[in-house]
Amino acid sequence: MRVAVVGATGVVGETILQVLAERRVPATQVAALGSRDRASAARYNGRALDVRVTTAESLAEADVVFFASNEDASEKFAGQIAERGGIVIDNSAAFRMIDGVPLIVPEINAHALQAGQRIFPVANCTAIVISMALAPIRDAAGLRSVHAATYQATSGAGRAGLDEWLTAESALVRGENEPVPQAFAAQIARNVVPQIGSFDGAGFSGEERKIASETRKILDAPDLHVMATSVRVPVRSAHAAALFVQTERPTTVADLQRAFARAKGVVFHPHGIVTPRDVEGTDDIHVARLRADDSDMTRFAVWVVGDQLRKGAATNGVQILELLLAKGFLAS
């Protein structure tokens, strides 16, 4: 099985290469692709890889292609790859909301993966983190509505976002002027920015709309009420969310605790807190501060944290590949 990673020098592409090696995915060849040729610019399994420019010819050598770049590359090449029988695992938003294209989070909806499918979008990172916490609640008591306040790491804006935060923080430490923000709507160092993406006519940001629509699709709950406020925070790579949930049926904190304890890929903390720094570089989603509205046993609040570069992007994509292999839909 020959694998290619488009956008291999970006933060998601780098993490895909890292996770492929960590999980020992049986690849006979791993190629690093990008917008231009660069010698020894990527790393896989302890060795340097030359990055080659992304073309139809360089992609033709791969059985599986991970896209970790912008939507333009996915839209240009994904169809060609699928038509020749290749597999596309795409971290852009290009195909996420197309009818008939599954939005797979293996712990939640592995059953949605069927033979013959060739294009697999990786969902919005925040929607993945949130859905991993919502699925156990849905299974235990149903879901009627979800309100979310998300606190999203700078890595969600790619390497440019990470660099902008670190550069601005360094300037403040030295007593210098911060650079003009480019990746974010306002200065991110020592600040929080309540805008991720452009606002629409109703005042919702692009990120808030993605969280709502993609969470419904992942959970197979098209009528679920989901409303989010998304905030960028000066954190490296782990997103957090405060979720306020109404269930369809009355339940208890004890019942939900048991549901979280059973959930694959979820670490439940019955006491204390968990922070983004605690979970950076890990694949599990962490749930803490579960509590109930005393007046109504259908209303609960919970705190959720997960690394957006890993489970929110790279690891989820690699898990989709592992699922294809396990189902026998792709030869190793």
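This report looks at salt bridges and at helix α5 in a predicted model.

## Salt bridges across the structure

Side chains of opposite charge can pair when their charged atoms come close. A search of the whole structure finds 14 salt bridges, and three of the pairs are described here one by one.

In the pair formed by Arg2 and Asp63, the closest N and O atoms are 3.2 Å apart. Arg2 belongs to strand β1 (residues 2–6), while Asp63 sits in the loop between α2 (56–59) and β5 (64–67), so this salt bridge ties together parts that are 61 residues apart in sequence. Both partners are partly exposed, Arg2 having a relative accessible area of 33% and Asp63 one of 25%. A salt bridge also joins the side chains of Arg52 and Glu61, with a distance of 3.3 Å from N to O; here Arg52 is partly exposed at 31% relative accessible area, and Glu61 is partly exposed at 33%.

## A link between α1 and α10

Glu22 and Arg310 form a salt bridge in which the closest N and O atoms are 2.6 Å apart. Because Glu22 lies in helix α1 (residues 11–22) and Arg310 in helix α10 (residues 310–326), the pair ties together parts that are 288 residues apart in sequence.

The surroundings of these two residues can be described by their accessibility: Glu22 counts as partly exposed at 42%, whereas Arg310 is buried, with a relative accessible area of 6%. The pair also belongs to a network of salt bridges, in which Glu22, Asp283 and Arg310 are linked.

## Helix α5: length, bend and cover

Helix α5 covers residues 125–141, and at 1.5 Å a residue its 17 residues should span 24 Å; the C-alpha atoms at its ends are 25 Å apart, which agrees with that expectation. Along its course, α5 bends by about 30 degrees at Met132, and a proline, Pro136, follows within four residues of that position.

As for its contact with the surroundings, α5 is mostly covered, since 14 of its 17 residues are buried, a term that stands for under 20% relative accessible area.

## The two ends of α5

At the start of α5, a side-chain oxygen of Asn124 reaches to within 2.9 Å of the backbone nitrogen of Thr126. At the other end, just after α5, Gly142 takes a positive phi of about 75 degrees.

Conventions:
Residues numbered from 1 in each chain as written. Predicted model: local features only at pLDDT ≥ 70, side-chain atom pairs only at ≥ 80, totals over all residues. Heavy atoms only, no water. Salt bridge = Lys/Arg side-chain N within 4 Å of Asp/Glu carboxyl O. Buried < 20%, exposed > 50% of the residue type's maximum accessible area, 1.4 Å probe, protein only. Expected span 1.5 Å × (residues − 1). Bend = angle between axes of the 7 residues up to and from the residue. Polar contact = N/O pair within 3.5 Å; in protein donor to acceptor, adjacent residues only side chain to side chain.
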